[in-house]
Amino acid sequence: MSREDIVVFLNKTIREEHGMPLVNGSDKLVETGIDSFGVIMILLALEDKYSVYTKDELNTVAVEELTLDDIVSRVLDEVK
């Protein structure tokens, strides 16, 4: 799995929630234009596909600070 694969999946899921894709590593998930429900749906999709950001973990994740680089790094670290 590559960074590009993760970004493609993430942006596809963001578009399904009617948001703008993440382009730069510092782009924040909450700045994509999706609402809070959409953000949760994105995180649940990441959990389903890559087993990151589990439901229990959602209470402690600083969602408003999550960037593209944060998400990609997390997936790459967990999937090894």
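A residue counts as exposed here when its relative accessible area is over 50%, and as buried when that area is under 20%. With those terms in hand, here are the close-up views of this predicted model.

**View 1. H18, an exposed residue in the loop between α1 and α2.**
H18 lies in the loop that joins α1 to α2. Its relative accessibility is 72%, so H18 counts as exposed. Look at the backbone here too: H18 follows α1 and has a positive phi, near 70°, although H18 is not a glycine. For background, most residues other than glycine have a negative phi.

**View 2. S51, a positive phi just after α2.**
S51 takes a positive phi of about 60° just after α2. Like any entry in this view, S51 deserves its address: the loop between α2 and α3. S51 is not a glycine, yet its phi is positive.

**View 3. Helix α1 and its buried residues.**
The end C-alpha atoms of α1 are 20 Å apart, which agrees with the 20 Å that its 14 residues should span at 1.5 Å a residue. Follow the helix and you will meet the buried residues I6, V7, F9, L10, N11, T13 and I14. What do the buried residues of α1 pack against? Their partners are α2 and α3.

**View 4. Helix α2 and its buried residues.**
From first C-alpha to last, the 15 residues of α2 reach 21 Å, close to the 21 Å expected at 1.5 Å a residue. The buried residues in this helix are G38, V39, I42, L43, A45, L46, E47 and Y50. They pack against α1 and α3.

**View 5. Helix α3, with its buried residues on the same side.**
Helix α3 runs over residues 68–79, and its 12 residues should span 16 Å at 1.5 Å a residue; the end C-alpha atoms are 17 Å apart, which agrees. L68, I71, V72 and V75 are the buried residues of α3. Because they cover an arc of only 95° around the axis, they lie on the same side of α3. The cover over these buried residues includes α1 (3–16) and α2 (36–50).

**View 6. F9 and Y50, an aromatic pair between two helices.**
The structure holds 1 aromatic pair. F9 and Y50 form it, edge-to-face, with 5.5 Å from centre to centre and 90° between the planes. Distant parts of the chain are linked in this way: F9 belongs to helix α1 and Y50 to helix α2, 41 residues apart. Is Y50 buried or exposed? Its relative accessibility is 8%, so Y50 counts as buried.

**View 7. Two charged ends over aromatic rings.**
The ring of F9 has another visitor: the charged end of K49 sits over it, 5.3 Å from the ring centre. In a second example, the charged end of R74 sits over the ring of Y53, at 5.0 Å from its centre.

**View 8. The largest nonpolar core.**
In soluble globular proteins, nonpolar side chains tend to be buried together. In this model, the largest nonpolar core has 24 residues, and L10, L29, I42, L43, L46, Y50 and Y53 touch the most other members. Elements that give two or more residues to this core are α1, α2 and α3. Which element provides the largest share? That is α2, with 6 residues.

**View 9. L10 and L43, two members of the core in detail.**
Leaving aside neighbours within four places in sequence, L10 is in contact with L22, I42, L46, L68 and I71. L43, for its part, lies in helix α2. At 0% relative accessibility, L43 counts as buried. With the neighbours within four places again set aside, the contacts of L43 are L29, V52, Y53, L58, V63 and L66. For a sense of distance, the C-alpha atoms of L43 and I71 are separated by 9.5 Å, with their positions 28 residues apart along the chain.

**View 10. T60, an exposed residue in the loop between α2 and α3.**
T60 has its place in the loop between α2 and α3. With a relative accessibility of 67%, T60 counts as exposed. The C-alpha atoms of T60 and Y50 are separated by 18 Å, and the two residues are 10 apart along the chain.

Key
Residues are numbered from 1 along each chain as its sequence is written. This is a predicted model: local features need pLDDT of at least 70, side-chain atom pairs count only at pLDDT 80 or more; totals for chains, interfaces and linings use all residues. Side-chain values use heavy atoms; hydrogens and water are left out. Helices (H or I, at least four residues) and strands (E, at least two) are DSSP runs, numbered from the N terminus. The expected span of a helix is 1.5 Å times one less than its number of residues. Buried means under 20% relative accessible area, exposed over 50%, partly exposed in between (1.4 Å probe, protein chains only). The arc is that of the directions from the helix axis to the C-beta atoms. Contact means heavy atoms within 4.5 Å. Rings of Phe, Tyr and Trp (its six-membered ring) pair if their centres lie within 6.5 Å; planes under 30 degrees apart count as stacked, over 60 as edge-to-face and the rest as tilted. A charge sits over a ring if NZ of Lys or CZ of Arg is within 6 Å of the ring centre and within 35 degrees of the ring normal. A nonpolar core is a set of buried Ala, Val, Leu, Ile, Met, Phe, Trp, Tyr and Cys residues joined through side-chain atoms within 4.5 Å.
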